[in-house]
Amino acid sequence: MLYWDHAATTPPYKEVVETMAEIMNQYYGNPSALHQAGEDAAKLLKRAREVCAGTLNVKSSEIVFTSGATEGNNIAIKGVAMHYRSRGQHIITTKTEHPSVYECCRQLESLGWEITYVPVDEYGVVDPLQVASVIRKDTVLVSIMHVNNETGAVQPLDEIGKLVKEKNSRTLFHVDGVQGFGKLSVSLKDWKVDLYTLSAHKFKGPKGAGILYVQQGIKLFPLLAGGSQENGQRPGTENVASAVAVAKAMRLAQERQEPFYDKIGKLRNLLLNEIRSIPDFVLNSSEKGAPHIVHFSYPGLKPEVLVHTLEELGMLVSTKSACSSRNSEPSRVLQAMGKDKEIAASGIRISMGWEHTDDDMNRLVIALRQSADKLRPLSAKRG
């Protein structure tokens, strides 16, 4: 079996697994405890925070350990909304955000906040000027992802961040960086980012672990009441082993980002050309997308039929994103890009990882062609 679903989750680095096991076995003390076992755990947690901060070129005091990006996005968006509601109750995002941002905004909308959902173009990219045009005096937050988790569309964060601060210097800028880190270069300072979320299992770290960057001076209303851990933003005993594993995965992913881009980018270009050559397929990703994600549709066919056909040929791919793949509704992201319902309801995502080779890609292409030929009669009947 060849695994082509790295946007959903990645196989962890061997070094990360070994490090996490070592910490769990030997450094099990509560980092808040005053005895030696607690102090040893606290030192490891401190060092992990420093490593995470170093990879992002920020201060260690600005790193909050979380259970992943869903929690991080909720802490950031709701934390800002609640703490700064005296400034205003207007938030800006896009129509193609991950559910952990989109549904978070929908929830706030039901509670009285006003949300502006900025549209995207046919490639899934938002116009920075359009974002700036809807910023108001009472806009407390702009939340826009780095890379779309379904199509791989890359947002122009440097332009957006600059325009946000020019239009209203008090408006905070949040970025969901889940699909970008380790694949593309990241510069929070150049992008004028105030809050940034990551999930470790997207870059070969452990599941259930991530970080939230909160720029110094920004206050967030804590969603959980409890102790003072993580600067009061996330009370509860810290998961030291996960924190250390996150730090290790971040360091390795950063070190390997450029060779990853070069290697996987070439495979992606090959796959894009092959998908264009298959008459039944409709390509939804653009050439300018992130190096690891390719999205296409097979109109007239339920996507799970193609998924299972490819699985029989040894290829594991996905429909939509993992967070919504069991939902049979047409893709909200593709519809926002102007795709018709038939295309939006038949999407397939292929996402690559460091381990993939030219031979793997050749096998995938053969499987795609065989599947298209096998399923063409079914597609024609539905059409």
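Let me begin with a term: a residue is called partly exposed when its relative accessible area lies between the buried limit, under 20%, and the exposed limit, over 50%. Arg 136 has a relative accessible area of 31%, and therefore counts as partly exposed. I should say at once that the structure under discussion is a predicted model.

I turn first to the chain as a whole. The protein chain contains twelve helices and twelve strands. Along the principal axes, its C-alpha atoms fill a box of roughly 70 × 50 × 30 Å. For 383 residues, a compact globule would be expected to have a radius of gyration near 21 Å, and the protein chain, at 21 Å, agrees with that. Of the 383 residues, 56% are buried. The accessible surface comes to about 16,600 Å², and carbon and sulfur atoms account for 50% of that surface. As for contacts between residues at least 6 apart in sequence, 72% of them join residues at least 24 apart.

Next, the strands around strand 10. How many of the five residues of strand 10 are buried? Five of the five are, and the strand is mostly covered. Ile 293, His 295 and Ser 297 point one way from strand 10, while Val 294 and Phe 296 point the other way, and all are buried. Strand 10 runs antiparallel to strand 9, to which two bridges join it. Strand 10 also runs antiparallel to strand 12, residues 347–351, and here there are five bridges. Phe 296 appears in both pairings: Phe 296 is the bridge partner of Leu 283, and in strand 12 the bridge partner of Phe 296 is Ile 348.

I come now to the charged side chains. Side chains of opposite charge can pair when their charged atoms come close. The count in this model is 14 salt bridges, and I shall describe several of them.

One is between Asp 138 and Arg 136, whose side chains meet at 2.9 Å, N to O. Asp 138 is partly exposed, with a relative accessible area of 24%, and Arg 136 is likewise partly exposed, at 31%.

Another salt bridge joins Asp 194 and Lys 165, with the closest N and O atoms 2.7 Å apart. This pair links distant parts of the chain: Asp 194 sits in the loop between strand 6 (172–176) and strand 7 (195–199), Lys 165 sits in helix 6 (residues 157–167), and the two are 29 residues apart. Is Asp 194 buried or exposed? Asp 194 counts as buried, because its relative accessibility is 4%. Lys 165, by contrast, is partly exposed, with a relative accessible area of 21%.

A further salt bridge brings together the side chains of Arg 276 and Glu 287, at 3.1 Å, N to O. This pair, too, links distant parts of the chain: Arg 276 belongs to helix 8 (residues 257–277), Glu 287 lies in the loop between strand 9 (282–283) and strand 10 (293–297), and eleven residues separate them. Arg 276 is partly exposed, with a relative accessible area of 41%, whereas Glu 287 counts as exposed, at 57% relative accessibility. In addition, Lys 46, Arg 47 and Glu 50 are joined into one network by salt bridges that share partners.

Two lysines deserve a word on backbone geometry. Most residues other than glycine have a negative phi. Lys 192 has a positive phi, near 60°. Lys 192 is located in the loop between strand 6 and strand 7, and it counts as partly exposed, at 40% relative accessibility. Lys 204 also has a positive phi, near 70°. Where does Lys 204 lie? Lys 204 lies in the loop between strand 7 and strand 8 (210–214). At 10% relative accessibility, Lys 204 counts as buried.

Finally, the surface. Which residues form a nonpolar patch there? They are Phe 221, Leu 223 and Leu 224, with about 270 Å² of accessible area together. Leu 223 is found in the loop between strand 8 and helix 7 (240–255), and this residue is partly exposed, with a relative accessible area of 38%.

To close, I would recall two points from this predicted model. Strand 10 is mostly covered, and it is joined by bridges to strand 9 and to strand 12. The salt bridge of Asp 194 with Lys 165 links distant parts of the chain, and its acidic partner, Asp 194, is buried.

Key
Residues are numbered from 1 along each chain as its sequence is written. This is a predicted model: local features need pLDDT of at least 70, side-chain atom pairs count only at pLDDT 80 or more; totals for chains, interfaces and linings use all residues. Side-chain values use heavy atoms; hydrogens and water are left out. A salt bridge is a side-chain nitrogen of Lys or Arg within 4 Å of a carboxyl oxygen of Asp or Glu. Buried means under 20% relative accessible area, exposed over 50%, partly exposed in between (1.4 Å probe, protein chains only). Helices (H or I, at least four residues) and strands (E, at least two) are DSSP runs, numbered from the N terminus. Patches are made of residues with over 30% relative accessible area and no salt bridge: like charges are joined within 9 Å, nonpolar side chains (Val, Leu, Ile, Met, Phe, Trp, Tyr) within 5 Å. Accessible areas come from the Shrake-Rupley method with a 1.4 Å probe; for residues, only the protein chains shown count as cover. The radius of gyration is taken over C-alpha atoms; the globule rule is 2.2 Å times the number of residues to the power 0.38. Contact means heavy atoms within 4.5 Å. Two strands pair if DSSP finds at least two bridges between them.
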